[in-house]
Amino acid sequence: MLGRKTLAPFLAIGIASLLLLPLQMTIAQPPNLERIIFIDYVGKVHTGPAGDPCGDGSGKFRTISGGLRWLSSSFPVSYFIDPAGSGLDAASTTSAVVNAFNTWDAQEHPAGTFFTSTSSASGAEITVAWEGMDGSGGALATASILYNPATKAIVHVDIRFDSGDSWFVSTNPNQCTSVGGSFDIENVAAHEIGHSVGLGHASDSRLTMYQYASPGETLKRSLGVGDQKGLDKLY
């Protein structure tokens with residue numbers, strides 16, 4: 001049985017400091033920039049209200065450190081996906097992550113194209129990949145955000161999924177409760193991309209930015225009211 005995994009509160013680190021985590025990560029960043037890391041875990045999820053498989057949730061949202069965001073000069077923000085390590089074929093893995101980017105992009109905040117894919121990690125502003133963390137039952141995914149504290153501008157994000165957990169692409173877009181033992185890639189990717197646009201954890205379990213994820217759930221694939229309002233606030 002999988003243990004409870006929270007989408008943990010973010011951790012901020014200074015320019016010359018080291019981040020000491022159970023994952024034993026040592027992070028360095030360029031001068032004058034700082035980094036925030038969200039470590040996301042498994043946990044329970046709600047059962048949706050009658051009439052709506054999962055519900056749109058409340059208007060609650062939380063921004064990061066007073067409003068971190070991409071500057072208009074960054075658009076479209078480029079991303080690169082490395083599907084190796086997901087345990088699935090490259091095409092299915094990549095498609096699931098692209099779908100999650102498209103979900104946020106479709107909000108038209110800002111107007112026009114928010115994200116664009118690139119074929120090389122070199123120069124990509126957001127990278128998505130799988131790597132070993134702590135095996136099954138611990139950390140699920142991370143979003144590491146590099147930003148300028150003076151301007152609140154996000155400059156780079158690394159999203160990582162734990163290759164030690166079991167991943168799949170669900171065929172049920174309205175799975176509100178825990179089922180099985182694998183995690184839907186698009187579901188978790190949508191949450192991590194939410195961090196990458198500047199949103200923190202929400203307390204409402206019906207929102208994409210809720211701080212828990214469960215095996216089999218797909219409710220985070222679609223944005224709730226609070227997720228949309230948070231994006232609107234930033235852009």
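Partly exposed, in these notes, means a relative accessible area between the 20% under which a residue is buried and the 50% over which it is exposed. I keep that at the top because Glu108, at 44% relative accessibility, counts as partly exposed by it. I should also say right away that I am working with a predicted model.

**Entry 1: odd backbone spots**

I began with Glu108, in the loop between H1 and E4. Its phi is positive, about 60°, although Glu108 is not a glycine. I noted it down because most residues other than glycine have a negative phi. In that loop I also found Pro110, and the peptide bond leading into it from His109 is cis, with omega near 5°.

Next I went to the loop between E2 and E3, where Ser65 is found. Ser65 is another non-glycine residue with a positive phi, near 50°. Its relative accessible area is 25%, so I logged Ser65 as partly exposed. Pro76 has its place in the loop between E2 and E3 as well, and I read the Phe75 to Pro76 peptide bond as cis, with omega near -10°.

I stayed in this loop for Arg62. With a relative accessible area of 53%, Arg62 is exposed. I then asked how far apart the C-alpha atoms of Arg62 and Ala202 are. They are separated by 6.2 Å, though the two residues lie 140 residues apart along the chain.

**Entry 2: aromatic pairs**

I counted twelve aromatic pairs. In one of them, Phe75 and Phe114 have ring centres 4.9 Å apart and planes at 75°; edge-to-face needs over 60 degrees, so the pair qualifies. This pair connects distant parts of the chain, 39 residues apart: Phe75 sits in the loop between strand E2 (34-41) and strand E3 (77-81), and Phe114 in the loop between helix H1 (90-105) and strand E4 (115-117). Are the two partners buried or partly exposed? Phe75 is partly exposed at 21% relative accessibility, whereas Phe114 is buried at 1%.

I also looked at Trp130 and Phe161, a stacked pair with 4.4 Å from centre to centre and 15° between the planes. Here too distant parts of the chain are linked, 31 residues apart, with Trp130 in strand E5 (residues 126-131) and Phe161 in strand E7 (residues 153-162). I find both Trp130 and Phe161 buried.

Which residues join Phe75 and Phe114 in one aromatic cluster? I listed Tyr79, Phe101, Phe115 and Tyr235 alongside them.

**Entry 3: strands E2, E5, E6 and E7**

I followed the strand pairing next. E2 and E6 run antiparallel and are joined by eight bridges, with Tyr41 opposite Ala139 of E6. E6 also pairs with E7, again in the antiparallel sense and over eight bridges. Two bridge partners I checked across to E7 are Ile154 for Tyr147 and Phe161 for Ala141.

E6 and E7 make a hairpin with four residues between them, and Lys152 in the turn has a positive phi of about 65°.

E5 pairs with E7 in the parallel sense over six bridges. Trp130 stands opposite Phe161 there, so I can add a strand bridge to the stacked ring pair I logged above.

How many residues of strand E6 (residues 139-148) are buried? I get nine of the ten, so E6 is largely enclosed by the rest of the structure. E7 gives me nine of ten buried too, so E7 is likewise largely enclosed.

**Entry 4: helix H2**

I checked the length of helix H2 (residues 185-196). At 1.5 Å a residue its twelve residues should span 16 Å, and the end C-alpha atoms are 16 Å apart, which agrees. Twelve of its twelve residues are buried, so H2 is largely enclosed by the rest of the structure. Among the buried residues I noted Glu186, His191, Glu192 and His195. After H2 comes Gly198, with a positive phi near 115°.

**Entry 5: the largest pocket**

Last, I looked for pockets. The largest has a volume of about 160 Å³. Which of its twelve lining residues are closest to the centre? I found Cys54, Pro173, Asn174, Leu219 and Ser222. Sorting the lining by type, I have four nonpolar, five polar and three charged residues.

Technical notes. Residues numbered from 1 in each chain as written. Predicted model: local features only at pLDDT ≥ 70, side-chain atom pairs only at ≥ 80, totals over all residues. Heavy atoms only, no water. Expected span 1.5 Å × (residues − 1). Buried < 20%, exposed > 50% of the residue type's maximum accessible area, 1.4 Å probe, protein only. Phe/Tyr/Trp six-rings, centres within 6.5 Å; stacked < 30°, edge-to-face > 60°. 1 Å grid on protein atoms, 1.4 Å probe; cavity = no way out; pocket = protein on both sides within 12 Å on 5 of 7 lines; lining within 4 Å. Points joined across faces, edges and corners; volume = space filled by probe spheres on them. Nonpolar A, V, L, I, M, F, W, Y, C, P; charged D, E, K, R; others polar. Pairing = 2+ DSSP bridges.
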